[in-house]
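User: I should like to understand how the terms used for a protein model are justified. Could the reasoning be set out step by step?

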Amino acid sequence: MVKTWAEKEMRNLIRLNTAEIPCPKPIMLRSHVLVMGFIGKGDMPAPLLKNTQLSESKARELYLQVIQYMRKMYQDARLVHADLSEFNMLYHGGDVYIIDVSQSVEHDHPHALEFLRKDCANVNDFFLKHAVAVMTMRELFEFVTDPSITAENIDAYLAKAMEIASQRTKEERSNQDHVDEEVFKRAYIPRTLNEVKNYERDMDIMMKLKEEDMAMNAQQDNILYQTVTGLKKDLSGVQKVPALLESQVEEKTHSDSEDAGDSERSDTDSEEQGDHTHCKKHTTDPDIDKKERKKMVKEAQREKRKNKIPKHVKKRKEKASKTKKGK
């Protein structure tokens, strides 16, 4: 049994290293003995996160760091830690290192989402004690599992999520909120659409909420699988942009459209102004007038030459005229 756990720890550490998540580097496995890289300074091992004195600003920085490691672990390493807390994280060089991954499970394990919710609760509880304005457990769960969050929009997502969290007062985290979190922690969440029992019923519920103009947020419905399965909150299609950033994207699109319209109008005005200036230049620029006059003179001379009598014909006529007069 111990050998199996050592093998699993080795395999999971390799996956974390591949995903570039700070953790001990696995060096060698012999039977039930696993040799890992040392994390510490000199001969002093790095302390557990629970034994570290943290300022409020440093705690907030580490909270953002840890939740991003949770997301990378789920999305890139395809693992859920299943026992993540301040007891299984080391603090070294200003950063957090994840340890003890022998019990970690695949992201599609039957109990993976249940374990992930426990990890979210543990992480939030620890940093809440250090005065960090943390997300709700459901908000953190959705951040970890949302497939529409990308490297391009993750910073904007976190900024918006932490802004919402910072505006939430202690009074707003009422007893009902705690009840909602406990319900969410124990609720069944389908991992795929194949596991959804009654999709048509859920669609009807969401359409009714939409018709009644009710907010489609996490606390007002019992349908919990949208984010995990990559669907919009109202189940109307694929969620291509994180729901939290939809309003910002719409505003940016509207602003870009207005800028494009202004630019087009500006280009048209510039062209008209350019044409006017060009015409004006023709009438006022002395160099242009001089060239035009020369051209007109040349044209007149060319027309005159067309009607001009050749010299030999002219001389012949003059000679004939003189001969007639002499007779």
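Analyst: The following exchange takes some terms applied to this predicted model and sets each value against its cut-off.

User: What makes the pair Lys-58 and Glu-61 a salt bridge?

Analyst: The closest N and O atoms of Lys-58 and Glu-61 are 3.1 Å apart. A salt bridge requires a side-chain nitrogen of Lys or Arg within 4 Å of a carboxyl oxygen of Asp or Glu, so the term applies to this pair. Both residues belong to helix α2 (residues 56-75), where they are three residues apart, about one turn of the helix.

User: Why is Lys-58 called buried?

Analyst: The relative accessible area of Lys-58 is 19%. Buried means under 20%, and Lys-58 is therefore buried.

User: How do you know whether Glu-61 is buried, partly exposed or exposed?

Analyst: Glu-61 has a relative accessibility of 40%. This value lies between the limits of 20% and 50%, so Glu-61 counts as partly exposed.

User: What makes Arg-191 and Glu-195 a salt bridge, and why are Arg-191 and Glu-195 called partly exposed?

Analyst: The closest N and O atoms of this pair are 3.0 Å apart, and the limit is 4 Å, so the pair qualifies. Arg-191 has a relative accessibility of 23%, and Glu-195 has a relative accessible area of 25%. Partly exposed is the class between 20% and 50%, so the term fits Arg-191 and Glu-195.

User: How do you know which class Asp-202 and Arg-201 belong to?

Analyst: Asp-202 forms a salt bridge with Arg-201, their closest N and O atoms being 3.0 Å apart. At 4% relative accessibility, Asp-202 falls under 20% and is therefore buried. Arg-201, at 47%, lies between 20% and 50% and is therefore partly exposed. Elsewhere, salt bridges that share partners join Arg-138, Glu-142 and Lys-233 into one network.

User: How many salt bridges are counted by this rule?

Analyst: The count comes to ten salt bridges.

User: Why are α2 and α5 called oblique to each other?

Analyst: Helix α2 packs against helix α5 (residues 154-166) at an angle of about 130 degrees, with the axes 13 Å apart. Roughly perpendicular covers 65 to 115 degrees and roughly antiparallel begins over 145, so an angle of about 130 degrees is oblique. The crossing of α2 and α5 is right-handed.

User: Which residues make this contact?

Analyst: Arg-60, Tyr-63, Leu-64, Ile-67, Gln-68 and Arg-71 of α2 meet Ile-154, Leu-158 and Met-162 of α5. By class, the contact of α2 with α5 has six nonpolar, one polar and two charged residues.

Notes. Residues numbered from 1 in each chain as written. Predicted model: local features only at pLDDT ≥ 70, side-chain atom pairs only at ≥ 80, totals over all residues. Heavy atoms only, no water. Helix = DSSP H or I, 4+ residues; strand = E, 2+ residues; numbered from the N terminus. Buried < 20%, exposed > 50% of the residue type's maximum accessible area, 1.4 Å probe, protein only. Axes fitted to C-alpha atoms, helices over the stretch in contact; angles between N-to-C directions. Left-handed = near helix turned anticlockwise from the far one by under 90°. Contact = heavy atoms within 4.5 Å. Nonpolar A, V, L, I, M, F, W, Y, C, P; charged D, E, K, R; others polar.
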